[in-house]
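Here is a walk through a two-chain model, one chain at a time and then the contact. Keep the viewer open as you read.

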Amino acid sequence: MNAHHIVKDMEAQTKPLVRAAGVNKVFGAEPGGVVALKDIDLEIRPGEFVCLLGPSGCGKSTLLNAIAGFSLPTSGTLEVSGKPVTAPGPDRGMVFQEYALFPWMTVEANIAFGLDIRGTGSEEKARIVDDLLDMLGLKEFRHRFPKDLSGGMRQRVAIARVLALDPPIMLMDEPFGALDALTRRSLQDELLRIWRSVGKTIVFVTHSIEEAVYLGSRVVILTYRPGTIKRDVAIDLPYPRDSNSPEFNAIKKDLASLVHAEHDRFALDERKGLTLD
Amino acid sequence: MTRTLFRNLAVPVVILVLWQLLSQSGFIKPVILPSPLAILERLWTYLLPAQSLGESAGVSDWIWSSELLSDLVASMRRVLLGFAVGAGLALPIGLLMGTDRRFEAYLNPVVQFLRPIPPIAYIPLAILWFGLGDPPAIFLISIGAFFPVLINTITGVRNVDSIYVRAATNLGADRMTMFRRVILPAATPYVLTGMRIGIGTAFIVVIVAEMIAVNSGLGYRILEAREYMWSDKVIAGMIAIGLLGLAIDVGVNRVNNHLLRWHRGIES
């Protein structure tokens, strides 16, 4: 039985872990403010790997930050595990594109940071940290500082730091966007391995169609300003996926036409100087 | 390598030789400008014990008997005490001013008003308040160290990248953890720069303070030497001050580099 079937089974019997209903987010004073999210309805079930896909300015990071609790919705209902989101918390571990490792702490101390706060006993802490160093191939780097690591290694540490707290949900904001193609693929494979072995729910923001189809059990495409859900598709290809297969490329092509239409609208605004970023 | 060494030494050597010749020719009176050799000799006797030490004498006997070494120790002690008081007050106040807008609103006008007043300008007040001796000297030095540390700490806290705060909040950090394990270490590069400037200012102020309020230390010694018209001792004292200043800066830099070994761009 592959992971995909497990996901299907869980969907049938469990409540959504993340539930967004009529979520709006407006930046700046209303009216006249920029509507980043409009009427978002989305349910994410335990074990899903959801990729939020879209061009710059489509609100995919805004939605992720709302789930993380960094920037709450202007209106609408947003719940995680049945409770409304009011603040950031360790039950929603966030992995940032810029790694956001604490540069003054060693690899080991970075991974243990959340456990220190939680007050985990030193023996258990050492065990968790050792397991994670092992799982992510970081053993030799445990006493290094982040500045001595490559981008790929840094992102591994950031993933380990979040996994240390064993959160039900992992939120990832274009985590592999700054990496070269080869490192990127090996981290994608590693992430899939971790997802399938520890059974996390992952919400993953990307603007790469290829990445979304390679990783996601489900891809949610957002429209450019205001950010609404344009298409919500389950990707039925078995893992590990072959990015050269005709099936893979057919899905990619299908999604590409949707994303490119949004990108064209973004590019038009960009020429008019209307984009935020 | 040897070429660089030659270039580095050429100008000082030429200056010293010309200076020595000029003094030997009798063209300039030794009181106005003593010869380099006379200064070196004076520096040597200044360093040696004032009276001959017994067989059993150790290093500490030598330090207390050598005028130069006891002056060095006296000046150093004042710098460290004054710096400890000034930086010790500036660090917590700076951390609070950097993180808490309300706290900053209360204190900023006072800080901005007092900051441009040079520590030297406090001398008359320091003597009125504390009399003579160490207390006014420590007071002046601590003022000299206070503001650089304060201003840099505030800037350091303000410049903490918000991504660290977001990451720490996400991992469950409360206010105290955020302060101690994120904001303070993230601000360390700035704080240490402030401390380096602060200890430099403290060193300037100690020399001035010793010329006014006390009767020991390097500052006192060169002023005393002038009263006897011992210009060779004045310059020997200046050299000692220069060497001590250099040693302090090198030492502080070492400590900084160790504390900032995690940092990307370490200054040399």
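In which sense do S4(A) and strand S5 of chain A pair, and over how many bridges? They pair in the antiparallel sense, over two bridges. Keep in mind that this is a predicted model.

**The sheet in chain A**

Let's stay with that pair for a moment. S5 of chain A covers residues 83-84. Its bridges can be named one by one: Glu79(A) has Pro84(A) as its bridge partner, and Val80(A) has Lys83(A). The hairpin of S4(A) and S5(A) leaves two residues between the strands, and there Ser81(A) takes a positive phi near 50 degrees.

On to the other pairing of S4(A). Strand S4 of chain A, residues 75-80, also pairs with strand S1 of chain A, residues 18-27. This pairing is antiparallel too and runs over five bridges. One spot to look at is Asn24(A), which stands opposite Ser75(A) in S4(A).

Zooming out, these strands belong to an open sheet of four strands in chain A, in the order S2-S1-S4-S5, with antiparallel pairing. Its edge strands are S2 (34-44) and S5 of chain A, as each pairs on one side only. As a reminder of what holds such an arrangement together, strands of a sheet pair through backbone hydrogen bonds, either parallel or antiparallel.

**A buried isoleucine**

Is Ile67(A) buried or exposed? Ile67(A) is buried, because 25 other C-beta atoms lie within 10 Å, and 20 would be enough to count. Ile67(A) is found in helix H2 of chain A, residues 60-68. Setting aside neighbours within four places in sequence, Ile67(A) is in contact with Val18(A), Leu78(A), Val80(A), Val85(A), Arg92(A), Leu171(A) and Val203(A). Val80(A) is the residue met above as the bridge partner of Lys83(A). As for Val203(A), it sits 136 residues from Ile67(A) along the chain, with 9.5 Å between the two C-alpha atoms.

**The two chains as wholes**

Chain A has eight helices and ten strands. Its radius of gyration is 19 Å, close to the 19 Å that the globule rule gives for 277 residues, so chain A is as compact as a globular protein of that length.

Chain B is built from eleven helices and zero strands, so to speak an α-α-α-α-α-α-α-α-α-α-α run from the N terminus on. A compact globule of 268 residues would have a radius of gyration near 18 Å, but chain B comes out at 23 Å.

Some further values for each chain:

| Property | Chain | Value |
|---|---|---|
| Box of C-alpha atoms along the principal axes | chain A | roughly 55 × 45 × 40 Å |
| Span of the C-alpha trace along the principal axes | chain B | about 75 × 55 × 45 Å |
| Buried residues | chain A | 44% of the 277 residues |
| Buried residues | chain B | 34% of the 268 residues |
| Contacts between residues at least 6 apart that join residues at least 24 apart | chain A | 71% |
| Contacts between residues at least 6 apart that join residues at least 24 apart | chain B | 67% |

**A bent helix in chain B**

Now for helix H9 of chain B, residues 175-212. A straight helix of 38 residues would span 56 Å at 1.5 Å a residue, yet H9(B) spans only 46 Å between its end C-alpha atoms. Where does H9(B) bend? The bend, about 55 degrees, is at Thr188(B), and a proline, Pro189(B), follows within four residues.

That same proline shows up around Gly156(B). Leaving out neighbours within four places in sequence, Gly156(B) is in contact with Ala187(B), Pro189(B), Tyr190(B) and Val191(B). Gly156(B) itself lies in helix H7 of chain B, residues 134-158, and is buried, with 23 other C-beta atoms within 10 Å. Leu81(B), 75 residues from Gly156(B) in sequence, is 24 Å away in space, C-alpha to C-alpha.

**Where the chains touch**

The contact takes 20 residues from chain A and 15 residues from chain B. On the side of chain A that touches chain B, the elements giving two or more residues are strand S6 (92-95) and helix H3 (107-118) of chain A. H3(A) provides the largest share of that side, four residues. By type, the residues of this side of chain A divide into 14 nonpolar, three polar and three charged.

Technical notes. Residues are numbered from 1 along each chain as its sequence is written. Chains are lettered from A and ligands numbered from 1 in the order in which they are written. This is a predicted model: local features need pLDDT of at least 70, side-chain atom pairs count only at pLDDT 80 or more; totals for chains, interfaces and linings use all residues. Two strands pair if DSSP finds at least two bridges between them. A residue is buried if 20 or more other C-beta atoms lie within 10 Å of its own, exposed if 12 or fewer, and partly exposed in between; C-beta atoms are placed from the backbone. Two residues are in contact if their C-beta atoms, placed from the backbone, lie within 7 Å. The expected span of a helix is 1.5 Å times one less than its number of residues. The bend at a residue is the angle between axes fitted to the seven residues ending there and the seven starting there. Ala, Val, Leu, Ile, Met, Phe, Trp, Tyr, Cys and Pro count as nonpolar, Asp, Glu, Lys and Arg as charged, and the others, Gly among them, as polar. The radius of gyration is taken over C-alpha atoms; the globule rule is 2.2 Å times the number of residues to the power 0.38.
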